Amino acid sequence: MRIAFIVQRYGLDVTGGSELLCRCVSEHLSKYYDVEVLTTCARDYVTWRDEYKEGEEKINNVLVRRFKVAKERDTKAFARISRRIFRLFHTKRGELKWLELQGPYSPDLLNYLAENEERYDLFIFFTYRYWLSYHGVMSFPHKSFLIPTAEDEPSIYLKIFRPVFNKPKAIIYCTVEEKELINQVSANHAVPNDIIGMGVDLPEKYDPQEFRKKHNIHYDYVIYVGRIDPNKGCQEMFDYFIKFFTQRPSLQLKLILIGNNIIQIPVHENIVHLGYLPDEDKFGAIKASRFLIMPSPYESLSIVTLEAWFLSKAVLVNGRCKVLKGQCQRSNGGLYYRNYEEFEACMDHMLDNGGIIEQLGRQGNAYVEANYTWEIIEDKYRKLIEPFVAQSSLRARNS
Amino acid sequence: MENIQNDNLIDVEKIMNQIREDVCRKKELGIYTGADIRVSNLSMRIPVGTNELSNQILFLQRHYDFRMDYNIASHRPLLGRLIVAGKRIFLPILAKALNPFFDNQVRFNQQLVNTMALIAERLHQQEGELMSLRLQQEGSAAPVSTRQCVSQGDRTGQMPGIVEAFNKTEADNWYFFFEHFFREKSDKLKEHQRIYLPYFRGADTVLDIGCGKGEFLELLKEEGINAIGIDTNSKMVEYSMMRSLMAIETDAMSYLCSIEDNSLCGIFMSQVIEHMTPEYLMSLLKLCYFKLRPGCCIVLETVNPLCLSTFARTFYRDLTHIKPVHPETIQTLLNYLGFKYETTLFLSPIPDEERLQGVLPDKGFKGAALTEQLNSNFHKLNSLLFSYQDFAIIARKSEGN
């Protein structure tokens with residue numbers, strides 16, 4: 001059985017939630033099926049500039065075929081059309097133009113799919129909002145699965161995407177909230193689906209004491225892991241923490257940030273930025289922290305939250321993000337805030353009750369063990385893929 | 001998806017309820033100042049599609065005054081007292097010396113921000129007019145058949161006879177156009193509707209029936225409450241969706257029939273029930289009762305028929321209004337259906353300058369009794385004619401059901 005995963009970018013150095021999801025799932029499923037990844041030569045999701053070499057390569061035992069992007073994104077034109085599309089009444093043609101400018105525009109990849117359709121039993125498309133996924137699902141609905149990785153963002157309300165959620169043979173959601181959102185937007189309740197998400201892996205070696213020693217950290221801290229970006233709620237997090245620290249001058253606590261920053265980090269003695277760290281250090285840092293903070297208002301899964309729970313650490317998340325709030329409610333593994341007052345109250349509650357955060361961490365761990373180990377994830381994928389492929393081949397034989 | 005539950009469980013929702021109660025108590029005690037509460041709205045990413053410009057201006061309005069407002073504190077455990085003492089001496093001197101130089105700049109900033117706010121308001125008006133023109137253009141293309149029908153009638157020398165009714169698109173366009181001109185602007189409406197938020201705080205899913213342009217959906221979304229709006233007007237739904245709000249084009253009865261009983265944590269209807277026939281309203285409220293979770297709120301806002309001038313001002317302006325609803329009638333109906341009546345809010349008072357003005361008696365004036373009588377009559381007429389333009393009834397589904 002040969003399966004093609006179609007994703008906008010792919011590579012060991014490509015960061016991004018859905019790209020990571022694609023890489024992990026394709027590597028894990030390659031144990032069972034002949035898996036290929038069809039992607040572009042782009043590394044940067046802003047420009048889609050071709051940076052990887054066109055052609056084939058093997059990454060962690062998975063065959064990757066890369067295709068050129070015919071035109072880079074015209075960022076000015078894209079910003080212009082986005083302003084129009086999301087603010088004024090517009091036509092379907094306008095939305096399709098927006099999609100084309102969004103990219104990655106790679107007709108070569110679509111042509112390859114059309115010419116080699118028979119070679120594959122199934123196409124799995126990642127991320128609904130890109131040009132490739134839209135045209136791929138619309139052109140080959142009879143053998144497509146879609147992993148939308150959707151968030152409550154303006155583009156999901158565009159009309160062109162409603163058929164994209166209704167046409168594929170199955171949809172694989174990351175969370176209950178994502179499913180509810182897409183059901184509400186597109187009324188696609190009838191499409192077969194499952195809520196699967198992604199498994200969590202721990203590195204073989206990680207040591208919280210080693211991390212403290214290596215980075216000379218001898219104080220209590222709350223940790224943030226991820227890109228330091230205003231779109232991830234980081235600016236609000238800084239505002240809140242500075243206010244919180246200012247109101248408690250004797251508090252012995254710091255905020256440690258791990259990840260690359262695209263905004264300036266405020267100079268404050270209680271805020272420490274360690275930059276990008278390898279996995280061993282990252283997991284050691286999470287394990288040694290009091291708890292993890294996840295301030296993002298838009299998340300479709302939040303792997304780092306699952307990782308914190310896997311390490312039995314409690315989390316404090318932005319309650320305005322339905323997915324994060326829902327994960328906390330289902331797991332009983334963390335608290336959530338929707339404004340400064342709730343943030344302050346949650347922080348005080350968690351810092352003053354060591355026993356409670358330990359128990360929340362344990363509950364989070366039980367939730368991850370029950371839902372997000374790779375054995376469970378692989379099993380769920382196989383239960384969805386195998387009956388579909390079996391039915392397709394039966395139909396092909398009969399016809 | 002497996003949820004984690006066992007006997008020794010710490011229930012996150014219980015902790016969050018406790019936290020929310022603490023926050024409310026602190027707010028009532030005045031522990032949070034305006035600045036504390038405002039910070040929660042700062043630095044958020046403003047999603048494309050919402051009123052980004054007005055948010056930016058709001059931000060500037062909050063920050064145009066950068067004069068030194070110092071906070072004397074230190075994080076250092078040992079040196080802290082020394083640092084605090086130093087700051088106490090040094091900072092007031094510095095502020096006294098520097099603030100006069102900043103005054104002019106602050107005045108300039110204030111003027112600039114006000115000018116920008118004015119430009120934004122004008123822009124908003126222009127956008128509205130542009131949108132209306134577009135809608136008119138769309139509408140003028142559609143009724144060709146109507147014009148043909150009339151002209152054919154003319155040619156045959158007969159009366160035009162039956163003219164085709166507005167089709168759905170035309171009617172939707174017209175109502176969108178009408179609301180744009182005659183209903184409060186979105187920002188003001190949002191402020192007006194903020195009063196209803198406490199009834200839905202902590203709710204999971206709130207249904208806004210007749211959501212219009214989605215102002216209340218936006219408020220709920222900002223509060224982190226899952227909100228779904230329904231409206232039969234396709235243009236309104238499209239407009240809400242463009243603002244990343246969950247809106248569905250459907251009729252209230254059909255939607256409510258399609259969802260499970262006890263599945264909603266709140267129902268909101270603003271300026272909707274006066275568009276319904278009595279039979280439809282009664283059936284709808286009955287259905288609302290079944291779909292609402294026990295203990296959850298229904299809020300019904302409508303035109304206040306106790307204020308007679310509203311008929312001249314607003315009620316009859318809208319062609320789609322069917323019947324005003326008396327507050328006592330709706331209260332009785334809700335009680336009859338099993339809701340527990342909570343309160344009636346009278347809203348949107350008619351401005352004082354538009355009410356009948358009382359007479360002030362001169363000192364030693366002999367006709368004091370007459371003045372008093374006159375003022376008492378003015379008061380009665382004001383209550384009857386110029387009181388509150390709207391009212392809202394709030395009720396809950398009883399806990400026991």
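**Chain A as a whole.** Welcome to chain A of this predicted model, which is built from 15 helices and 14 strands. Its C-alpha trace spans about 75 × 45 × 40 Å along the principal axes. The radius of gyration of chain A is 22 Å, which agrees with the value near 21 Å for a compact globule of 399 residues.

**Inside and outside of chain A.** Of the 399 residues in this chain, 62% count as buried. The accessible surface of chain A comes to about 15300 Å², and carbon and sulfur atoms hold 48% of that area. Among contacts in chain A with a separation of 6 or more, 66% join residues 24 or more positions apart. Charges appear here too: the mean positions of the 53 positive and 52 negative charges are 5 Å apart.

**A close look at Ser296(A).** Where does Ser296(A) sit? Look in the loop between strand E12 (292-294) and helix H11 (303-310) of chain A. Ser296(A) has a relative accessible area of 0%, so this residue is buried. Its side chain reaches the backbone oxygen of Tyr298(A) at 2.9 Å.

**The neighbours of Ser296(A).** Leaving aside residues up to four places away in sequence, Ser296(A) touches Asn231(A), Lys232(A) and Gly233(A), and also Asn318(A), Cys321(A) and Leu324(A).

**Chain B, the partner view.** Chain B has 14 helices and seven strands. Of its 401 residues, 40% count as buried. Chain B exposes about 22900 Å², with 57% supplied by carbon and sulfur atoms. Among contacts in chain B with a separation of 6 or more, residues 24 or more positions apart account for 72%.

Conventions: Residues are numbered from 1 along each chain as its sequence is written. Chains are lettered from A and ligands numbered from 1 in the order in which they are written. This is a predicted model: local features need pLDDT of at least 70, side-chain atom pairs count only at pLDDT 80 or more; totals for chains, interfaces and linings use all residues. Side-chain values use heavy atoms; hydrogens and water are left out. Helices (H or I, at least four residues) and strands (E, at least two) are DSSP runs, numbered from the N terminus. Buried means under 20% relative accessible area, exposed over 50%, partly exposed in between (1.4 Å probe, protein chains only). A polar contact is a pair of N or O atoms within 3.5 Å; within protein, one must be able to donate a hydrogen and the other to accept it, and residues adjacent in sequence count only if both atoms are side-chain atoms. Contact means heavy atoms within 4.5 Å. Accessible areas come from the Shrake-Rupley method with a 1.4 Å probe; for residues, only the protein chains shown count as cover. The radius of gyration is taken over C-alpha atoms; the globule rule is 2.2 Å times the number of residues to the power 0.38. Lys and Arg count as positive and Asp and Glu as negative; His and the chain ends are not counted. The place of a charge is taken as NZ of Lys, CZ of Arg, CG of Asp or CD of Glu.
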